[in-house]
Amino acid sequence: MESKKNTKPAKLKIRKGDLVKVIAGDSKGSQGKIVEVIIDKNRAIVEGANMVSKHTKPNAANPNGGIVKQEAAIHISNLALVEPSTGKTTRVGRKLNDAGKLVRVSKKSGEEIK
């Protein structure tokens, strides 16, 4: 059986800072910016989506402890990129631009994604 440690992680279509819409799960329909992408687990943390309650012990930042609401990671297959120009969701492709650099493009409009 082959070891999974030698395999390269898949190239992801979304990046930190992208505006995405949740298309499946409990947070379906919510939009937000990507705060963090966890490449090896194919997950992302989206601002304001997939909120969970975390029980925390008292510490210097929170002297009383208690229950804190925070975002949990969502699988990338449950996210769709929102095109900045139209505000609709789109799939992402990759193309060589005029300068010969590989860039992300919107499948709906063909525009380059910054």
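Let's start at the largest pocket of this predicted model: 14 residues line the largest pocket, and Lys 11, Leu 12, Lys 13, Arg 15 and Arg 94 are the ones that lie nearest its centre. Two elements, β9 (92-96) and β10 (102-106), each give two or more residues to this lining. Of these, β10 supplies the largest share, with three residues. Sorted by class, the lining holds eight nonpolar and six charged residues, with no polar ones.

A second pocket is worth a look too. Its lining is made up of Lys 13, Ile 14, Ile 76, Ser 77, Leu 79, Ala 80, Leu 81, Thr 90, Arg 91 and Val 92. Strand β7 (residues 79-82) gives the largest share here, three residues. The table sets out the two pockets.

| Pocket | Volume | Nonpolar lining residues | Polar lining residues | Charged lining residues |
|---|---|---|---|---|
| Largest | about 240 Å³ | eight | no | six |
| Second largest | about 180 Å³ | six | two | two |

**The β9-β10 hairpin**

The two strands named for the largest pocket also belong together as a pair. β9 and β10 run antiparallel and are joined by five bridges. They form a hairpin with five residues between them, and Gly 100 in the turn has a positive phi of about 85 degrees. Within this pairing, Arg 94 stands opposite Arg 104 in β10, and Arg 94 is also one of the residues nearest the centre of the largest pocket.

Is Arg 104 buried or exposed? Arg 104 counts as buried because its relative accessibility is 6%, below the 20% cut-off. What does the side chain of Arg 104 contact? It makes a polar contact with the side chain of Asp 18, at 2.8 Å. In addition, a polar atom of the Arg 104 side chain lies 3.0 Å from the backbone oxygen of Lys 13. Lys 13 is a familiar name by now: this residue is listed near the centre of the largest pocket and in the lining of the second largest one.

**The six-stranded sheet**

Elsewhere, six strands make an open sheet with antiparallel pairing, in the order β6-β3-β2-β1-β7-β8. Its edge strands, β6 (73-75) and β8 (89-90), each pair on one side only.

Strand β1 (residues 19-22) is a good place to read the sheet from. On one side, β1 is joined to strand β2 (residues 31-38) by three bridges, and the two run antiparallel. β1 also pairs with β7 in the antiparallel sense, again over three bridges. Lys 21 shows both partnerships: this residue stands opposite Gln 31 in β2 and opposite Ala 80 in β7. Ala 80 in turn is among the residues lining the second largest pocket.

The side chains of β1 alternate. Val 20 and Val 22 point to one face and are buried, whereas Leu 19 and Lys 21 point to the other and are not. This fits a general pattern: in a regular strand, side chains alternate between the two faces of the sheet.

Moving along the sheet, β2 pairs with strand β3 (residues 43-46) in the antiparallel sense over four bridges, and here Ile 34 stands opposite Val 46 in β3.

**An annotated stretch**

An unreviewed UniProt entry lists residues 13-40 as "domain: KOW". In the model, that stretch is 0% helix and 43% strand, with its end C-alpha atoms 14 Å apart.

Methods:
Residues are numbered from 1 along each chain as its sequence is written. This is a predicted model: local features need pLDDT of at least 70, side-chain atom pairs count only at pLDDT 80 or more; totals for chains, interfaces and linings use all residues. Side-chain values use heavy atoms; hydrogens and water are left out. On a 1 Å grid over the protein atoms alone, a cavity is a set of points where a 1.4 Å probe fits but cannot get out, and a pocket is an open set with protein on both sides within 12 Å along at least five of seven lines; lining residues have an atom within 4 Å of a point. Grid points are joined across faces, edges and corners, and a volume is the space filled by probe spheres set on the points. Ala, Val, Leu, Ile, Met, Phe, Trp, Tyr, Cys and Pro count as nonpolar, Asp, Glu, Lys and Arg as charged, and the others, Gly among them, as polar. UniProt positions are given in the numbering used here, feature names are shortened, and annotations may be inferred rather than shown by experiment. Two strands pair if DSSP finds at least two bridges between them. Buried means under 20% relative accessible area, exposed over 50%, partly exposed in between (1.4 Å probe, protein chains only). A polar contact is a pair of N or O atoms within 3.5 Å; within protein, one must be able to donate a hydrogen and the other to accept it, and residues adjacent in sequence count only if both atoms are side-chain atoms.
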